[in-house]
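I opened the notebook to look up enclosed space, confidence and a few chosen residues. The entries follow the order in which I looked things up.

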Amino acid sequence: MSDKQDLDKNGQVKWFCEIIINVVTSYESDANHKIYFDYDSVLKLLEQAQITAIDTVRCPRPENLPTDMPWCERLYGGDEVFDPYAFDGTMSIEDYEKMHELMQLDDEESEDMER
């Protein structure tokens, strides 16, 4: 997907959020007319949208990153446990293999230092 398509979709997400905010605000501000909508359904959909956005957020490999450096597209949240032996699809197979090569080199260097 191109950057232009991503920006267009980003704009659509913001547009939908603005519409929802405007609807909720207008319902709150009209004291003369009680207007309601299906809050539970909207909250359920918004919660699902939040989960989907967080679970699928990715950061593509920077163009200026050296080719011998592995890259994972997943953003690190701080509370996750990263398992370098589980391939989760957030890095290319080539980067996954590079990561393991570097891990092996690191293990070998550590063993050499212990001797």
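What follows are my entries, beginning with confidence and moving on to spaces and single residues.

**Entry 1, confidence.** I noted before anything else that this is a predicted model. I looked up the confidence and found a mean pLDDT of 83 for the protein, with 93% of the residues scoring at least 70. When I went through the helices, I found that confidence is highest in α2, at a mean of 92, and lowest in helix α3, residues 93–114, at a mean of 83.

**Entry 2, the cavity.** How many cavities of 30 Å³ or more are there? I found one that meets this rule, and for the largest cavity I wrote down a volume of about 50 Å³. I then listed the residues that line the largest cavity, which are R74, F82, D83, P84, A86, F87, D88, M91, Y96 and M99. Sorting the lining of the largest cavity by class, I got seven nonpolar and three charged residues, with no polar ones.

**Entry 3, the pocket.** I turned next to the largest pocket, for which I recorded about 240 Å³ of space. Ten residues line the largest pocket, and those that lie nearest its centre are K9, N10, V13, A49 and A53. Which helices each supply at least two residues of this lining? I found that α1, residues 3–29, and α2, residues 39–56, both do so, and that α2 gives the most to the lining of the largest pocket, with five residues. By class, the lining of the largest pocket divides into five nonpolar, three polar and two charged residues.

**Entry 4, D95.** I located D95 in helix α3 and asked whether D95 is buried or exposed. I count D95 as buried because its relative accessibility is 6%, and the cut-off for buried is under 20%. A polar atom of the D95 side chain lies 3.3 Å from the backbone nitrogen of W71. Leaving out residues up to four places away in sequence, I found that D95 touches R61, M69, P70 and W71.

**Entry 5, T90.** I placed T90 in the loop between α2 and α3, and I recorded T90 as buried because its relative accessibility is 3%. What does the side chain of T90 make a polar contact with? I found the side chain of R74 as its partner, at 3.5 Å, and I had already listed R74 among the residues lining the largest cavity. With residues up to four places away in sequence not counted, T90 touches R58, W71, C72, E73 and R74. I noted that W71 is among the residues touched by T90 and is also among those touched by D95.

**Entry 6, two partly exposed residues.** I looked up I20, whose place is in helix α1, and I count I20 as partly exposed because its relative accessibility is 33%. From I20 to V42 I read a C-alpha to C-alpha distance of 9.3 Å, with the two residues 22 apart in sequence. I then looked up E97, which lies in helix α3, and whose relative accessible area of 45% is why I recorded E97 as partly exposed. How far apart are the C-alpha atoms of E97 and Y36? I found a separation of 55 Å between them, for residues that are 61 apart along the chain.

Note on methods
Residues numbered from 1 in each chain as written. Predicted model: local features only at pLDDT ≥ 70, side-chain atom pairs only at ≥ 80, totals over all residues. Heavy atoms only, no water. 1 Å grid on protein atoms, 1.4 Å probe; cavity = no way out; pocket = protein on both sides within 12 Å on 5 of 7 lines; lining within 4 Å. Points joined across faces, edges and corners; volume = space filled by probe spheres on them. Nonpolar A, V, L, I, M, F, W, Y, C, P; charged D, E, K, R; others polar. pLDDT = per-residue confidence, 0-100. Buried < 20%, exposed > 50% of the residue type's maximum accessible area, 1.4 Å probe, protein only. Polar contact = N/O pair within 3.5 Å; in protein donor to acceptor, adjacent residues only side chain to side chain. Contact = heavy atoms within 4.5 Å.
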